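Here are a few short exercises to help you find your way around a new structure. Try each one yourself before reading the solution.

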Amino acid sequence: MRRSAPRKDIDENDLKVSPPKTSAAGLEAVVIALERGVAQAGVTRTAKALLRLNQVNGTDCPGCAWPESITGKRKTAEFCENGAKAVAEENTKRTVTPEFWAQHSIADLADKTEYWLGNQGRITEPVVIRPGETHYSAISWTEAFDLIGERIRATTPDRCVFYTSGRTANETAFLYQLFVRSLGTNNLPDCSNMCHESSGAALNSTIGTGKGTVSLDDIEAAELIFVVGQNPGTNHPRMLSALKECKDNGGTIVAVNPLPEAGLMRFKDPQTVGGLIGDGTALADHFMQIKVGGDLALFQALGHLLLEAEAAAPGTVLDAEFIDEVTDGIAAYRAARATLDWDETAKATGLTREQITEVAGLLARSKATIFCWALGITQQPHSVDTIREIINLLLLQGNFGKPGAGACPVRGHSNVQGDRTMGVWEQPFGWMLDGLEKEFGIAAPVEHGYDSVQTVNAFAQGDIDVFVSMGGNFALASPDTEIIESSMKRAGLTVHVSTKPNRSHVVHGQTSLILPTLGRTDVDDKHPDGRQILSVEDSMSVVRSTQGRLTPVSDHLLAEPVIIARMAEATLGADHPIDWKAMADNYDVIRDHISRLIPGFEEFNRRVRERNGFVLPSAPRDRRAFVTDIGRGKFTVSPLEYLTPPPGHLTLQTMRSHDQYNTTSYGVDDRYRGIKNGRRVILIHPDDLAEAGFADRQLVDVISTFAGAERRADRFRLVAYPSARGCVAAYFPEANALMHRELLARESNTPGYKAMAVRFEARHDDDVEGEDDGPT
Ligand SMILES: Nc1nc2c(c(=O)[nH]1)N[C@H]1C(S)=C(S)[C@@H](COP(=O)(O)OP(=O)(O)OC[C@H]3O[C@@H](n4cnc5c(=O)[nH]c(N)nc54)[C@H](O)[C@@H]3O)O[C@H]1N2
Ligand SMILES: Nc1nc2c(c(=O)[nH]1)N[C@H]1C(S)=C(S)[C@@H](COP(=O)(O)OP(=O)(O)OC[C@H]3O[C@@H](n4cnc5c(=O)[nH]c(N)nc54)[C@H](O)[C@@H]3O)O[C@H]1N2
Ligand SMILES: [Mo]
């Protein structure tokens, strides 16, 4: 299998590389943030949008899910460089009108990179493309909804799939899942399937909740914080301020990462004058440069050493009372961790016994430890086990329900956690379905639906007639780009509710609709009762209102809840028991339903209007209790497991550059890593480069291998980089052509985006364009 992604509008031959930065943020970040905004939207619109970001009664930043303070003072500017870029992307004045679609055929658009597509601006009117047509053209909203209703009714619910990306607000998500379940399917895959699903699977099965157990105050109060598999300098920049606060209070930070990420090393706080010009604070006290996939081995070694330390000084390391009163399984855990194979641990982690022992000493002495983690440990075959080992470590020392302690999976999309709370999940809880039946008088389907990878498989098997995408860019976010792109084209109808053009619009179904919608920063006031507010839930379970204030770029945009309600009416008919219109007219009606159905949302309409919103309950955090099937927190035992690529192969992890939001590229630089003007790069340790017989900057094709099958992606440049030995890195989504959809995390079904075995082949046709678009 062979594929060349479009790349002609980026001149990758102009790649420039400089040494990676050793600090993040500072004045440069502020300047870049403002430049981007002004270039896209002008001075007034930029200032108006940015000053409202993450403020009381303001707009929740569409960037990441890191929380704002609800107890301390908000800063005048509660945003970061990358939040500002996300806002600039959305409030751009550039527009994609029906004239744009008339000018550009699908064949033309198929040659454009995601960077080019996203840069064209906001979509202004609904458009359609029908079988045999070469261009999208305008369609009225009414006709569009009729078309959707007709097509859904013409098939069976199990052949319809409804994807959600994590920007969707709570009310929107609730209405969406209600529509889908009224229709009679749980085919509700979401971006979370590809993201933190492994965290949910590990946490639910051990501590009885799929969510984190800390607040922002805990981060500041912790004695010790592990930041594992995460690049906050780029993906959660405001987290750096909280980590600095922790350090200022005497805390210690340990970074576990195969790459020396700038933000983890040193941080210049752009919120303080010193931080704008000074040297910044060294953030990580310890940097453990782990091999990709080696974390499970590390955590088992730390567990072994904690038990050893407790044996040497009984009563000083473990929280015996806590273990005894509220946990289960300590005996089996003790037995499994009684011995340790240090040679194998070194092989798995790339770390020395001294390094691990030193950090275990810190852990043993700390009375309040937090583990933060993100995708570096969720996208590997043994991810769920790896995260369960974190829970083991936290349970050993009673690090739940006390200040400065707990589990902190750092979520990605700004409302990905809330979407789940609202029921966007292919495996809904029974109580949720019962509640829907009681509240709305519908018959909710029990059978589990497709998750994201099962959706890719269903596309490939021709099992999908209608695919609706609430935001996102499924074709590029998924593994196996070639397969998903070619099979999506065979689906009967694809419907994309989107703000901006993307690749999924181009590799569309036989008939395809693009429905343009309001973004977070747009005012939503075309309702009988006037302006509406929405709400989101951040990574620390705080639910807050969000409302945009900017004038939308076009009069034709509809709010997402309105689009869903009209889709439901067109599909389910006028005599359906649910009053869709009432909910779309006034979102308070949706919130009233939610308040009766979902625990923690009592009096939703009143509390969402409170200054700082409200915090959802968490048994481990609030009561040191675990609502599992046995009412206790569970120690678990997993075998040692790590990644062992076949001879001649290295392990590839795929990650984000500093200039992108998931599949959307803002630019083609990765400032902190010293990469300029290029995205088709492979970062590789100089010794691995030499061993494989390649030169720095050499142009290669990349071949990935899994279970006897291969995938190829052409024209990547090898760049010597201080990565862990044996581990290379490339950018998502360019590298998704190399991701096999069969390589998955067990239990969570999350793609192995950070676990692919690859090798390289030299290329010699440096300048020949288009020759490699060959057979697939
Ligand atoms: N600006 C910006 N912000 C974003 C996003 C964005 O694209 N742009 N995306 C949002 C979304 S949806 C998400 S989910 C988050 C993602 O946030 P991150 O998880 O920070 O995202 P990645 O860029 O995938 O970075 C993964 C990190 O894990 C490290 N890593 C890779 N493999 C391993 C491993 O085996 N072990 C360890 N210990 N580390 C490893 C990588 O070197 C890298 O530092 O960010 C959110 N915020
Ligand atoms: N190889 C590899 N693949 C990955 C990952 C990885 O680390 N490596 N990460 C995975 C992860 S963590 C995630 S979360 C997924 C991301 O997958 P998705 O969430 O599907 O992708 P995004 O790129 O965030 O979606 C961008 C599109 O959303 C639309 N959009 C933006 N704002 C709005 C809005 O307000 N409303 C609506 N309706 N549409 C909007 C725009 O049209 C834009 O083109 O990718 C996954 N894929
Ligand atoms: Mo994500």
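**Getting oriented**

The domain assignment, automatic or from a database, splits the chain into domain 1 (25-91), domain 2 (95-193 + 418-520 + 551-600), domain 3 (197-414) and domain 4 (650-772). This is a predicted model, where local features need pLDDT of at least 70, side-chain atom pairs count only at pLDDT 80 or more, and totals for chains, interfaces and linings use all residues. Residues are numbered from 1 along each chain as its sequence is written, chains are lettered from A and ligands numbered from 1 in the order in which they are written, and side-chain values use heavy atoms, leaving out hydrogens and water.

**Exercise 1.** Work out how domain 1 and domain 3 meet.

*Solution.*
- Start with the centres: the C-alpha centres of the two domains are 29 Å apart.
- Next, find the contacts (heavy atoms within 4.5 Å): 22 residues of domain 1 touch 22 residues of domain 3.
- Then take the buried area, meaning accessible area (1.4 Å probe) lost on putting two parts together, summed over both. That's about 1,800 Å², with 62% on carbon and sulfur atoms.
- Finally, look for salt bridges (a Lys or Arg side-chain nitrogen within 4 Å of an Asp or Glu carboxyl oxygen). The rule finds one across this interface.

**Exercise 2.** Check the length and burial of helix 20, residues 383-396.

*Solution.*
- Its 14 residues reach 20 Å from first C-alpha to last, close to the 20 Å expected at 1.5 Å a residue.
- For burial (under 20% relative accessible area, 1.4 Å probe, protein chains only), 14 of its 14 residues qualify.
- Step just past helix 20 and you'll meet Gly398, with a positive phi of about 65°.

Definitions and conventions. Helices (H or I, at least four residues) and strands (E, at least two) are DSSP runs, numbered from the N terminus. The expected span of a helix is 1.5 Å times one less than its number of residues. Buried means under 20% relative accessible area, exposed over 50%, partly exposed in between (1.4 Å probe, protein chains only).
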